[in-house]
Amino acid sequence: MTFLTPLGFGGQVIMALIILVGALLLWLVVRYLIARSVARVQNGYSVFKKPHFKWAQPALRPFDSARRVQRAETIGGLLSSVAAVTIAVIAILMAIETLGFNIGPILASVGIVGIAIGFGAREVIRDAFLGFFITIEDQYGIGDTIEVGDTVGVVQSLGLRITRMVDEHGAIWYVRNGDITKVGNRSQGDYVAPPAVPAATAEDRA
């Protein structure tokens with residue numbers, strides 16, 4: 001945009017505004033593409049919903065569940081957040097540089113602040129990363145009966161930070177994903193409940 005150079009600082013301001021507007025348009029496009037991809041995943045196997053593929057619908061119906069919908073929403077939300085932060089940071093730095101400021105000290109300050117935030121929020125970041133991998137690897141999902149430590153319950157929701165489950169007594173448990181080092185999924189495989197231990201009779205106690 002050399003045609004704006006003769007305008008001096010006013011031209012630099014216009015260039016900075018153009019960069020910010022371009023970043024906003026790029027973010028809208030990226031958000032639309034992510035939302036469209038998430039919707040396609042949530043709708044399931046749309047190819048097999050055509051009339052000449054009706055024979056395959058009964059076999060694929062079990063896959064159309066809230067589990068797949070939540071996985072798509074979780075991944076889509078994470079991608080949207082990462083894209084928004086990345087585009088915003090790059091656009092702001094480019095706009096500042098266009099105005100003639102030296103962004104070197106700014107980058108150094110951002111790095112120091114980022115390190116400080118990283119130390120302060122490392123548990124939150126750890127929970128989010130582990131929740132992301134739990135979702136991607138499909139270790140468990142909505143409706144699964146899982147065992148975390150000495151707690152057994154049915155998964156009600158799975159987020160990036162928290163797994164919510166309800167036990168047999170109706171108590172709601174909120175488990176941080178970062179605290180889960182080992183989990184057993186009774187809904188996968190061929191889980192067989194152990195035989196019940198008979199209650200001791202009066203003669204046995206005597």
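Begin by selecting V13, L17, L20 and I92, which together make a nonpolar surface patch of about 320 Å². Keep in mind throughout this tour that what you have open is a predicted model. Now colour helix 1, residues 9-42, because the largest share of the patch, 3 residues, comes from this helix. One residue of the patch to pick out is L17, whose place is in helix 1, and at 49% relative accessibility L17 counts as partly exposed, since the word exposed is kept for values over 50%.

**Along helix 1 to a buried tryptophan**

Stay with helix 1 and select W27, which is found in this helix. Is W27 buried or exposed? With a relative accessible area of 18%, W27 is buried, because the limit for that word is under 20%. If you leave aside residues up to four places away in sequence, W27 touches S80, A83, A84 and I87, so show the side chains of these residues together with W27, using a contact distance of 4.5 Å between heavy atoms.

Next select S80, whose place is in helix 3, residues 66-98. S80 is buried as well, with a relative accessible area of 17%, and, again not counting residues up to four places away in sequence, S80 touches W27 and I34. How far apart are W27 and S80 in sequence and in space? They are 53 residues apart in sequence, while 9.0 Å separates them in space, taken from C-alpha to C-alpha.

**The sheet**

Now turn to the strands, and display the open sheet of 5 strands, in which the order is 4-3-2-1-5 and the pairing is antiparallel. At the edges you will find strand 4 (172-176) and strand 5 (183-185), each of which pairs on one side only. If you look along the sheet, neighbouring strands are turned by 40° against each other on average, with direction ignored. As background, the strands of a sheet pair through backbone hydrogen bonds, either parallel or antiparallel.

Select strand 2, residues 151-158, together with strand 3, residues 162-167, and you will see a pair that runs in the antiparallel sense over 5 bridges. Two places help you to follow this pairing: V155 stands opposite M165 in strand 3, and L158 stands opposite T163 in strand 3. To see how the chain passes from strand 2 to strand 3, follow the hairpin that joins them through 3 residues.

Move on to strand 3 and strand 4, which also pair in the antiparallel sense, over 5 bridges. Here R164 stands opposite Y174 in strand 4. Which residue takes a positive phi in the hairpin of strand 3 and strand 4? It is G170, with a phi near 90°, in a hairpin that has 4 residues between the strands.

**Salt bridges**

For the last part of the tour, show the charged side chains, since the structure holds 4 salt bridges. Start with R161 and D127, which form a salt bridge whose closest N and O atoms are 3.9 Å apart. R161 lies in the loop between strand 2 and strand 3, whereas D127 lies in helix 5, residues 122-137, so this pair ties together parts that are 34 residues apart in sequence. R161 counts as partly exposed at 36% relative accessibility, while D127, at 0% relative accessibility, counts as buried.

Keep D127 selected and add R176, because the side chains of these residues also meet in a salt bridge, at 2.9 Å from N to O. R176 lies in strand 4 and D127 in helix 5, so the pair ties together parts that are 49 residues apart in sequence. At 26% relative accessibility, R176 counts as partly exposed. If you now add D179 to the selection, you have the network of salt bridges that links D127, R161, R176 and D179.

Finally, select E147 and R186, which form a salt bridge with the closest N and O atoms 3.3 Å apart. This pair links distant parts of the chain, for E147 is in strand 1, residues 145-148, and R186 is in the loop between strand 5 and helix 6 (202-205), 39 residues apart. Both ends can be checked by their accessibility: E147 is partly exposed, with a relative accessible area of 32%, and R186 counts as partly exposed at 27%.

Definitions and conventions: Residues are numbered from 1 along each chain as its sequence is written. This is a predicted model: local features need pLDDT of at least 70, side-chain atom pairs count only at pLDDT 80 or more; totals for chains, interfaces and linings use all residues. Side-chain values use heavy atoms; hydrogens and water are left out. Two strands pair if DSSP finds at least two bridges between them. Axes are lines fitted to C-alpha atoms, for helices over the stretch in contact, and angles run from 0 to 180 degrees between N-to-C directions. Patches are made of residues with over 30% relative accessible area and no salt bridge: like charges are joined within 9 Å, nonpolar side chains (Val, Leu, Ile, Met, Phe, Trp, Tyr) within 5 Å. Accessible areas come from the Shrake-Rupley method with a 1.4 Å probe; for residues, only the protein chains shown count as cover. Buried means under 20% relative accessible area, exposed over 50%, partly exposed in between (1.4 Å probe, protein chains only).
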